[in-house]
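I opened my notebook to look up how the parts of this chain are arranged. My entries follow the order in which I checked things.

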Amino acid sequence: MLLPIYSRPALTIDQGEGCYVWDTAGRRYLDFITGIGVNALGHCHPRITRVIQEQAARCLHTSNLYHHAYQAPLAERLTTWSGGLSRVFFGNSGGEAIEAALKAAKAYGTAHGSGKFQLVSIEGSFHGRTMGALSVTGQQKYRQPFQPLVPGVTFVPANRIDALRAAVTDDTAAIVVEVIQGENGIYPMSEEFLQEVRRLADFHDALWIADEIQCGLGRTGWRFAYQQFSGLLPDIVVTAKPLAAGIPLSAAILNEKAVAAIGKGQHGTTFGGGPLACRVALEVLDIIEELLPNIRETGAYLHERLVQLQGKFPLITEVRGIGMMAGIQLRALAHGVVNSAMEQGLLINCTHDTAIRLLPPFIATKADVDQAMETLTAVCVEMPAPAV
Ligand SMILES: Cc1ncc(COP(=O)(O)O)c(C=O)c1O
């Protein structure tokens, strides 16, 4: 028996190809949630399948006792993508990469003054389920049963510059921010807010940790979401989800300042950054690079179509996001829409009670968007009219 922690619909996925998956009865679904953003290249991308097959026949695991051919080139590629960071730690999941970032921040704080261990995070954020990641997750429902967590964390409301200024002090080791909050219903931080995060981090000698686990690696049409805004560079960028197309892999990308206080043996992992995952990730980044124009163009079309949908149905109060990342705010509970969409062959999900999330694959075309909109329109027509 499994731990009863997931609520799943009666859908057993058997196989996938491109933007589609099939259930065990052979029914086809358009996949616009993509394993919560992991299957960003769609299912069974032929270039990824080939690389996995080749590497599986060559070497699956080396541990971090030795070098292999793909870790350093991948680190090099990620630092280039970051636009100025220089060091990489590889883990297996988003939560692990957040832990690495938090440990770097703690070590930095310890090296820069007594009492400099405070962390500032954002209300509504989600950073993972490990104890450190949970400690900076700004949603009480996830944190409550597991208290006491890591001490010294202050939460400020999203995009509230005054609250941010009041929270960050010389005792702050790091400010942790998702550039676009994913689990909170695709909720973007404003450019002004992010510029202030950068300014305050510099002023108080703290690190800015950007959690790009959901919004990074091309999803917005930019390599990283913070790159939409000129001159913004975090001290640590954390990435995971689509990095190795479903083979577990995450990365914390750091600047020299952030790693200076961490010595040999102070952090590590058995599985993280193995040859299979790193080789696949190199191929993934090549493919994402090629898909950036499509993400921007089809993403813009998706948002245009969603705004049209909002115009037709009072059920929808707001559409948020950019690129292949969209949140639809409803005036009613969202699970009815999600279930009905699934029955009609479209996979999406709700991030909380009244918000729907779409994370379409980067290979999606305008025709795929049209198909999703047709299904969503049919679903909205069926929904009881909300009290406005
Ligand atoms: C923004 C963000 N940070 C961290 C995590 C945690 O990642 P993982 O579930 O791989 O540990 C997630 C997962 O959804 C996420 O969306």
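These are my notes on domains, sheets and helix pairs.

**Entry 1: the model and its domains**

I noted first that this is a predicted model. I then looked up the domains. The protein chain is divided into domain 1 (13–45 + 291–382) and domain 2 (49–286). I checked how far apart they sit: their C-alpha centres are separated by 27 Å. Next I looked at the contact, to which domain 1 gives 28 residues and domain 2 gives 19 residues.

Which elements give two or more residues to the side of domain 1 that touches domain 2? I listed helix 1 (34–37), helix 10 (275–312), strand 13 (316–321), strand 14 (326–330), strand 16 (349–352) and strand 17 (355–358). Helix 10 supplies the largest share of that side, with five residues. I also sorted that side by class and found 14 nonpolar, eleven polar and three charged residues.

**Entry 2: the sheet with strands 13, 14, 17 and 16**

I followed these strands next. They form an open sheet of four strands in the order 13-14-17-16, and the pairing is antiparallel. Which strands are at the edges? I found strand 13 and strand 16 there, each pairing on one side only. On average, neighbouring strands of this sheet are turned by 30 degrees against each other, direction ignored.

I looked closer at one pair. Strand 14 and strand 17 run antiparallel and are joined by four bridges. Gly327 stands opposite Arg357 of strand 17.

Then I checked which helices pack on this sheet. Helix 10 does, and it touches strand 13 and strand 14. The direction of helix 10 makes about 170 degrees with that of strand 13. Helix 11 also packs on the sheet, touching strand 14, strand 16 and strand 17. The direction of helix 11 makes about 165 degrees with that of strand 16.

**Entry 3: the sheet with strands 1, 2, 3 and 15**

I moved to another open sheet of four strands. Its order is 1-2-3-15, and its pairing is mixed. Strand 1 (13–17) and strand 15 (346–347) stand at the edges with a single partner strand each, so one side of each has no neighbour in the sheet. Inside the order, I checked strand 2 (residues 20–23) and strand 3 (residues 28–31), which run antiparallel and are joined by three bridges. Trp22 stands opposite Arg28 in strand 3.

**Entry 4: helix 11 and helix 12**

I looked up how these two helices meet. The axes of helix 11 (residues 335–343) and helix 12 (residues 366–382) come within 9 Å and cross at roughly 125 degrees. Helix 11 is therefore oblique to helix 12. The crossing is right-handed. Helix 11 makes the contact with Val337, Ser340 and Ala341, and helix 12 with Thr375, Leu376, Val379 and Glu382. By class, I noted four nonpolar, two polar and one charged.

**Entry 5: helix 2 and helix 10**

I ended with a second helix pair. The axes of helix 2 (residues 46–56) and helix 10 come within 10 Å and cross at roughly 160 degrees. The two helices are therefore roughly antiparallel to each other. Their crossing is right-handed. From helix 2, I listed Arg47, Ile48, Val51, Ile52, Gln55 and Ala56. They meet Pro275, Leu276, Arg279, Val280, Glu283, Val284 and Ile287 in helix 10. This contact has nine nonpolar, one polar and three charged residues.

Terms used:
Residues are numbered from 1 along each chain as its sequence is written. This is a predicted model: local features need pLDDT of at least 70, side-chain atom pairs count only at pLDDT 80 or more; totals for chains, interfaces and linings use all residues. Axes are lines fitted to C-alpha atoms, for helices over the stretch in contact, and angles run from 0 to 180 degrees between N-to-C directions. Angles under 35 degrees count as roughly parallel, over 145 as roughly antiparallel, 65 to 115 as roughly perpendicular and the rest as oblique. A crossing is left-handed if the near helix is turned anticlockwise from the far one by less than a right angle, and right-handed if clockwise. Two residues are in contact if their C-beta atoms, placed from the backbone, lie within 7 Å. Ala, Val, Leu, Ile, Met, Phe, Trp, Tyr, Cys and Pro count as nonpolar, Asp, Glu, Lys and Arg as charged, and the others, Gly among them, as polar. Domain bounds come from an automatic or database domain assignment. Two strands pair if DSSP finds at least two bridges between them.
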